[in-house]
Amino acid sequence: MKGGNLSERDKKHLWHPLTQHKTALAPIGIVKAEGALLWDEEGKSYIDGIASWYTAMYGHGHKDITRAISEQVQLLDFVMFSGFTHEPAVRLSEELMAILPKNQAKLFFNDNGSTAIEAAIKMALQYHFNQNDKRDTLIAFEDGFHGDTFGAMSASGLSSYNDPFEDFLLKVERIPVPQKDNLDMVQSQLESIVSSHKCAAFVFEPLVQGAAGMKFHSAEGLDKLIKICQKYGILCIADEVMTGFGKTGKIFASENLQNQPDILCLSKALTAGIFPLSITSCTQKIFDAFLSEDISKGFFHAHTYSAHPLGCAAALAGLKLLNSP
Ligand SMILES: Cc1ncc(COP(=O)(O)O)c(C=O)c1O
């Protein structure tokens, strides 16, 4: 055992996310987690009030989930997902299809929330491209947050964190979130954008903008915006990375809408905070636009750990808990 506590040893080699290391307090060294609690090296306990970025929805170390992972790792630890498939991914697809909005037909696996969004944006751009309809603009809400890869960062509301990258981001038109008192204005702003730009997709956090401070907007208003976009063939991407799996009282926030999104992005509570995994789901119509004798019309996007069997096993165990009374 090296000298010093975790915080001191951490300082030597580690670079933490979302941290200005010149001014930040030393990170708290955590050695154990159970239920809603975390423990540091001195045995002091902390309530994990933010459920480790909204992931640990059944509590840390839930026995059903850790057992499922441990059984899975002994059977099949990992296999690449291009040219191969496996039982946990197939079963998860069957179980998710039973609860996702009815228009969803295909699941594409990734490994975190940002990459789920990135795949959704690329899917939307290539969907139009494959049909000889090149579109170059995204629509997104002001103050949204979709992650830290370039596509996801582009769709996110402007923040000083993104300043160094601003010149390299995708083309995005922004609208305010719909509330009861601004709906007419937001609708006419959207109408003007869709008629003057070649819009490929509308990316939004349905009903609640998490990183903006749990800022709610009107389901009725969002429904109207989705309807306008779909009239123009613009694919609607619901970022359910934070809202998915019960956060709004329904399994998915999109269930509160009449007009269903074309694409949904899931992560975080998908695996109950125990394993990184994400899913970009889409309609059959989107999937079909990638079918061709021409190999380059396929979706050439992959992450090594896509559909990791351990993540799928954790997700299946989580779904069982979600569905139990
Ligand atoms: C709504 C939403 N989308 C995407 C992301 C990005 O997910 P990840 O941090 O797993 O890349 C987050 C992260 O907080 C999020 O809240």
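What follows is a chat between a colleague and a modeller about a predicted model and its ligand.

Colleague: Let's start with the ligand. Which residues are around the ligand?

Modeller: Keep in mind that this is a predicted model. A residue makes the list if one of its heavy atoms lies within 4 Å of the ligand. On that basis the residues are Asn112, Gly113, Ser114, Phe145, His146, Gly147, Glu205, Asp239, Val241, Met242 and Lys268.

Colleague: How far is a nitrogen atom of the ligand from an N or O atom in the side chain of Asp239?

Modeller: Asp239 is among the residues around the ligand. An N or O pair has to be within 3.5 Å to count as a polar contact. For the ligand nitrogen and the Asp239 side chain, the distance is 2.7 Å.

Colleague: And on the oxygen side, what is the distance from a ligand oxygen to a polar side-chain atom of Lys268?

Modeller: Two side chains come up with ligand oxygen atoms. Asn112 has a side-chain N or O atom 3.3 Å from an oxygen atom of the ligand. For the polar side-chain atom of Lys268, the distance to a ligand oxygen is 3.0 Å.

Colleague: How much of the ligand's area does the protein bury?

Modeller: On its own, the ligand exposes 390 Å². The space the ligand takes is the largest pocket. Of the exposed area, the protein buries 81%.

Colleague: Now some backbone. What is the phi of Trp53?

Modeller: Most residues other than glycine have a negative phi. Trp53 sits in helix H2, residues 51–54, and is partly exposed because its relative accessible area is 48%. Its phi is positive, near 60 degrees.

Colleague: Asp143 has a positive phi too. Is Asp143 buried, partly exposed or exposed?

Modeller: Asp143 is in the loop between strand E5 (137–141) and H6, and its phi is about 70 degrees although it is not a glycine. Partly exposed covers what falls between under 20% and over 50%. At 42% relative accessibility, Asp143 therefore counts as partly exposed.

Colleague: On to Asn162. Is Asn162 buried or exposed?

Modeller: Asn162 lies in the loop between helix H6 (150–155) and strand E6 (171–175). Leaving out residues up to four places away in sequence, Asn162 touches Met153 and Gly157. Its relative accessibility is 6%, so Asn162 counts as buried.

Colleague: Where does His308 lie, and which residues is His308 in contact with beyond four places in sequence?

Modeller: His308 is in the loop between helix H9 (284–288) and helix H10 (309–323). With 8% relative accessibility, His308 counts as buried. Its contacts, leaving aside neighbours within four places in sequence, are Asp77, Phe78, Phe275 and Leu277.

Colleague: Ala302 is in the loop between H9 and H10 as well. How far apart in space are Ala302 and Gln284, C-alpha to C-alpha?

Modeller: Ala302 has a relative accessible area of 64%, so Ala302 is exposed. Along the sequence, Ala302 and Gln284 are 18 residues apart. In space, their C-alpha atoms are 20 Å apart.

Colleague: Which side chain is joined to that of Ser281 by a polar contact of 2.6 Å?

Modeller: Ser281 is found in strand E12, residues 278–282, and counts as buried because its relative accessibility is 0%. Not counting residues up to four places away, Ser281 touches Leu100, Gln104, Lys106, Leu107, Asp262, Ile263 and Leu264. The side chain in the 2.6 Å polar contact with Ser281 belongs to Gln104.

Colleague: What is the C-alpha separation of Ser281 and Ser93?

Modeller: These two are 188 residues apart along the chain. Their C-alpha atoms are separated by 9.8 Å.

Colleague: What separates the C-alpha atoms of Asp64 and Leu321?

Modeller: Asp64 lies in helix H3, residues 63–75, and counts as partly exposed because its relative accessibility is 34%. Asp64 touches Ala317 and Leu321, with residues up to four places away not counted. Asp64 and Leu321 are 257 residues apart along the chain, and their C-alpha atoms are separated by 8.5 Å.

Colleague: Last one. Is Asp184 buried or exposed?

Modeller: Asp184 is in helix H7, residues 183–196. The C-alpha atoms of Asp184 and Gly221 are separated by 9.2 Å, with their places 37 residues apart along the chain. At 63% relative accessibility, over the 50% cut-off, Asp184 counts as exposed.

Methods:
Residues numbered from 1 in each chain as written. Predicted model: local features only at pLDDT ≥ 70, side-chain atom pairs only at ≥ 80, totals over all residues. Heavy atoms only, no water. Helix = DSSP H or I, 4+ residues; strand = E, 2+ residues; numbered from the N terminus. Buried < 20%, exposed > 50% of the residue type's maximum accessible area, 1.4 Å probe, protein only. Contact = heavy atoms within 4.5 Å. Polar contact = N/O pair within 3.5 Å; in protein donor to acceptor, adjacent residues only side chain to side chain. Areas by Shrake-Rupley, 256 points an atom, 1.4 Å probe, with all protein chains shown as cover. 1 Å grid on protein atoms, 1.4 Å probe; cavity = no way out; pocket = protein on both sides within 12 Å on 5 of 7 lines; lining within 4 Å. Sits in = over half its atoms within 2 Å of the grid points.
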